[in-house]
Amino acid sequence: MSAPALESTAAATRSAARRIDGALITLLIGAAILWFAPTGMGRYGTYVLSLWLVMSIGVMGLNLTLGYAGQSSLAQAGFMGLGAYTTAILTTKWGVSWYAAFGLSGLLTFFVGILLGFPALRVRTHYLAFVTLAFSTLVWLLLRNEQWLTGGAFGIPNIDRPQFFGIKLFGALEFHRFVVAVTLVLSLVLWWLVRSPWGRAFTALRENPVRAASLGVDTRAYTLLAFAIGSAYGGFSGSLFAPLVEFIDPSPFTLSQSLFLLLMVVAGGSGYFFGPFVGALLGVVLPEWLRFAGSLYLIIFATIVLALLIICPQGVSGLIERCWAALGRRFGRKAGGTP
Amino acid sequence: MSPVLEVQDLHKAFGGIKAVNGVSFSVREGEILGIIGPNGCGKSTLFNCILGQLEPTEGSVKLDGRDVTRMRPSDLNRLGVSRTFQLLQVFPELSVRENLILAGQEHQGSMLGRLFGARDAGLSDKAEQMIGFFKLGHLAEAKAGGLSYGQQKLLDAAMAFMAGPRLVLLDEPAGGVNLTMLGDLKERLRAINAEQGATFVVIEHNMDFVMSLCSRVIVLAEGKVLAEGTPAEVRADPAVIEAYLGH
């Protein structure tokens, strides 16, 4: 083969490699593994796996708002609460199907997210965090005090799990597989979004909003969208959480849970696509693994997270990226013989 | 024919300090206008007022005869006005190519269309062209934050031209750039001006750069226009020599 022909073949291979996205393949393989993962894990193990995925969806939303678009928010648990209660109220009191309730939960939190985004047009960083903190507290008070609607501290029991084309998803394994499917769909949507020009605009908003505006980026619209979409993911997460636990009360949607979700974003790797899965793994599954330590588990958990953030402020995903780059350099040296 | 840009009696005060104090000038189609003056004379404030980054206290800004005073920077950009900043303003976490695509993408179709459209918003070829034009070919995939200062300056300038603007305001494009790159930059700006008919307003302290690039120069001092004319006229003006150029 002639040199130009070789070059064009190599260019075509490079172009094909660019089209096949590593994140997409990882998502599909991950979903396939998680589909079969609960085999032999029992009901509780399966529940923890499902809870991990449900939390990951909420953390994905916060990662979009904070990690990609750089907008501080301490309100994600509030949005999860709004989603969970909307779904619970609609399905148990009004007989609405879970699918419609899921869509409406997303829609409601999307629009409330837009409203919460307005202060972000005026204030930034920790000032914005305080505004969202007030919102989170407000939602929690609403859930606890408006007993006629939310059941107050008694919560809402007997939340049914949905059916899928006539297949009942009442069992832990069936519902887990349903959660895997929904998580995959929502992850694919977000994957598309962050790869699109919108994703680039969100990054620009995070890195330099003044410069972004001078290049025609409508920073107002993208700020509101970052809040709205991130909040909708919180709503979707809550909408799956309600049928997963089958009983909800205000306690999982407190301000401390918002802080915990923020910790998951940071520990997993803020602004990394798979950061939320890693962060939620640390936040949901690690405490389960540490149960052998009894009452010491929270201390061990906090120590691990602290150590992680000191070693790698960019979270586990940042650490993995650094290791990968180091391996690549080493491999490159061996293969090519050049530094 | 109305000028591309017309600034009339522009004022900007910060408390008691009048940073811009009644500046008026206009820029003709295809012209390269230089704005010079000592540090703190209000050059960058003037740019920021024209471009909507700061709200002027008084006065008006017209683009092609249309009043654009206090218009948002993103809207002005979509009307074909682009800029660079005094301090470097690239997006460090994005690659050189991504920086360039970002600089042009908001001019491609509607917002919703961009979400469902091509990932590169159809700008890969244009970005490639700019990368070649500004001699950044070997750095296309490198993160902008890892580039040298001069290379980032070139990228910054390249970004300002991605959307094919008709008016570009460059704030100290030569600051901190070495002599070789400075020559490259000047050559690129001249070529874009000649080939695309783009109009420039350039703030600069490097006198050789301004005098050899611009067809007309305005001198600012203490927020006011001190002198205006061709580079030769300005260089010979005693008031300018006294206030800025020195003997």
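Q: In which sense do strand 6 and strand 7 of chain B pair, and over how many bridges?
A: This is a predicted model, where local features need pLDDT of at least 70, side-chain atom pairs count only at pLDDT 80 or more, and totals for chains, interfaces and linings use all residues. Residues are numbered from 1 along each chain as its sequence is written, while chains are lettered from A and ligands numbered from 1 in the order in which they are written. Strands (E, at least two residues) and helices (H or I, at least four) are DSSP runs numbered from the N terminus, and two strands pair if DSSP finds at least two bridges between them. For strand 6 and strand 7 (residues 167–171) of chain B, the pairing is parallel, over four bridges.

Q: Which residue of strand 7 of chain B is the bridge partner of Val81(B)?
A: Val81(B) sits on one side of strand 6 (residues 81–84) together with Arg83(B), and both are buried, meaning that 20 or more other C-beta atoms, placed from the backbone, lie within 10 Å of a residue's own (exposed is 12 or fewer, partly exposed in between). In strand 7, its bridge partner is Leu167(B).

Q: Why is helix 1 of chain B largely enclosed by the rest of the structure?
A: Helix 1 spans residues 43–50. Among its buried residues are Lys43(B), Phe47(B) and Ile50(B). The helix is largely enclosed because the number of its residues that are buried is eight of the eight.

Q: What share of the residues of chain A count as buried?
A: Chain A has 15 helices and two strands. Of its 339 residues, the buried share is 45%.
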